[in-house]
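Here is a short tour for a newcomer. Look over the sequence and the structure first, then read on.

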Amino acid sequence: MTSTPSQRQLFASISRRLLCSLAVALAAVPALAQGIDTLRIGYQKSASLLALQKAQGTLDKRLAALNVAIKWVEFPAGPQLLEGLNVGSVDVGFVGEAPPIFAQAAGANFVYIGNDPAAPEAEAIVVPKDSPIKSVTELKGKKVALNKGSNVHYLLVRALEKAGLKYTDITPVFLPPADARAAFEKGAVDAWVIWDPFLAAVEKQTGARIVTDGRGVVNNYAYYLAERQYSARHPRVIQALFEDSVEQGRWLKANLRRAATLIAPLQGLEVDVVELSLKRYQFGVVPLTPQVAAEQQKIADAFFELKLIPKPIRIVDALPATSVTAQAR
């Protein structure tokens, strides 16, 4: 049957309408997806609690009730995570004491939203098992590897000071953890300042000796940070993050071996290594107190005095105008 010109025009009109309707429907898909907010969490493999939350999916379930999905963004260390926070690739991050100070000095836009309890045993200065070095004093004139701008940077500064040495008495060799481990094993450096679980790994796997850890030297707090606008606009999300972190932290401490078994594959480490590191970390996030902020200010002042940061900073400038969450219980 041959169609007439008018029929062909009708068919063409119907086809255009169908295509138009399909285009509108497809265009609506992203709009519907936008109804679900996304929390982008910056984390490191060494952040064992976040690794557990990611593996267990507990935070995903909690935030799903708020119509929020999670995107986990991995970084090799704290300084890189802070850069990600500053350029807008993550909304919330978890790091040690020093990275936020370097980032704030560089003009990064973030706020401190919480901290875990002090864990001074979870970072240390180590030497090879056959090294003649027995004390921090003997590091004078030696090459010491560390991740620049990380929490262990302050441990090194204070440990040297306690031993009567200056920061300039040693030669810092700035390397990320994986490269530092290689240099340490090859003997390219004399000592390594590192945090768990990398600390536990080098102890268990190479017999490395701890010259000193943070006890009596530093607090080694760990901080939750957020992009300033995100923190102000999404207090319920921050609250949910804190609540899940507290609950999972309690479960972790009560089930160390089970937690280590779950976390070990994510960190690429043996279960015994992870279990040792979990024993030395403390969990239980709370909003920053004036006392903790004052301790962080001491670190910032010390870094400025050593010319490690280009200008003095005020930690209070990186605190939320009002608390975005009550203490999780």
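What covers the buried residues of helix H13? The cover includes two helices, H5 (98-105) and H6 (151-162), and two strands, E4 (110-116) and E10 (222-227). Keep in mind that this is a predicted model.

**Helix H13**

Helix H13 spans residues 290-305. Its buried residues are Val292, Ala293, Gln296, Ile299, Ala300, Ala302 and Phe303. Just after H13 comes lysine 307, with a positive phi of about 60°.

**Asparagine 115**

Strand E4, part of that cover, holds asparagine 115. Is asparagine 115 buried or exposed? Its relative accessibility is 4%, so asparagine 115 counts as buried; the cut-off for buried is under 20%. Leaving aside residues up to four places away in sequence, asparagine 115 touches Tyr221, Ala222 and Tyr223. Its contacts also include Gly284, Val285, Val286, Pro287 and Leu288. Val292 is another contact of asparagine 115, and Val292 is one of the buried residues of H13.

**Helix H11**

Helix H11 covers residues 256-267. Here the buried residues are Leu256, Ala259, Ala260, Ile263, Ala264 and Gln267. Why do they lie on the same side of H11? They do so because they cover an arc of only 135° around the axis. Among the elements that cover them are helix H2 (48-56), helix H10 (235-254) and helix H12 (271-280). Glycine 268 follows H11, and its phi is positive, near 65°.

The two helices can be set out by length and span.

| Helix | Residues | Number of residues | First to last C-alpha | Expected at 1.5 Å a residue |
|---|---|---|---|---|
| H11 | 256-267 | twelve residues | 15 Å | 16 Å |
| H13 | 290-305 | 16 residues | 22 Å | 22 Å |

In H11 the span is close to the expected one. The span of H13 is also close to its expected value.

**Strands around E1**

Which strands does E1 join? Strand E1 (residues 37-43) runs parallel to strand E2 (residues 68-74), and seven bridges join them. Within this pair, tyrosine 43 stands opposite glutamate 74 in E2. E1 also runs parallel to strand E3 (residues 92-95), joined to it by two bridges. Isoleucine 41 has valine 92 in E3 as its bridge partner. In a regular strand, side chains alternate between the two faces of the sheet.

Notes: Residues numbered from 1 in each chain as written. Predicted model: local features only at pLDDT ≥ 70, side-chain atom pairs only at ≥ 80, totals over all residues. Heavy atoms only, no water. Pairing = 2+ DSSP bridges. Helix = DSSP H or I, 4+ residues; strand = E, 2+ residues; numbered from the N terminus. Expected span 1.5 Å × (residues − 1). Buried < 20%, exposed > 50% of the residue type's maximum accessible area, 1.4 Å probe, protein only. Arc of directions from axis to C-beta. Contact = heavy atoms within 4.5 Å.
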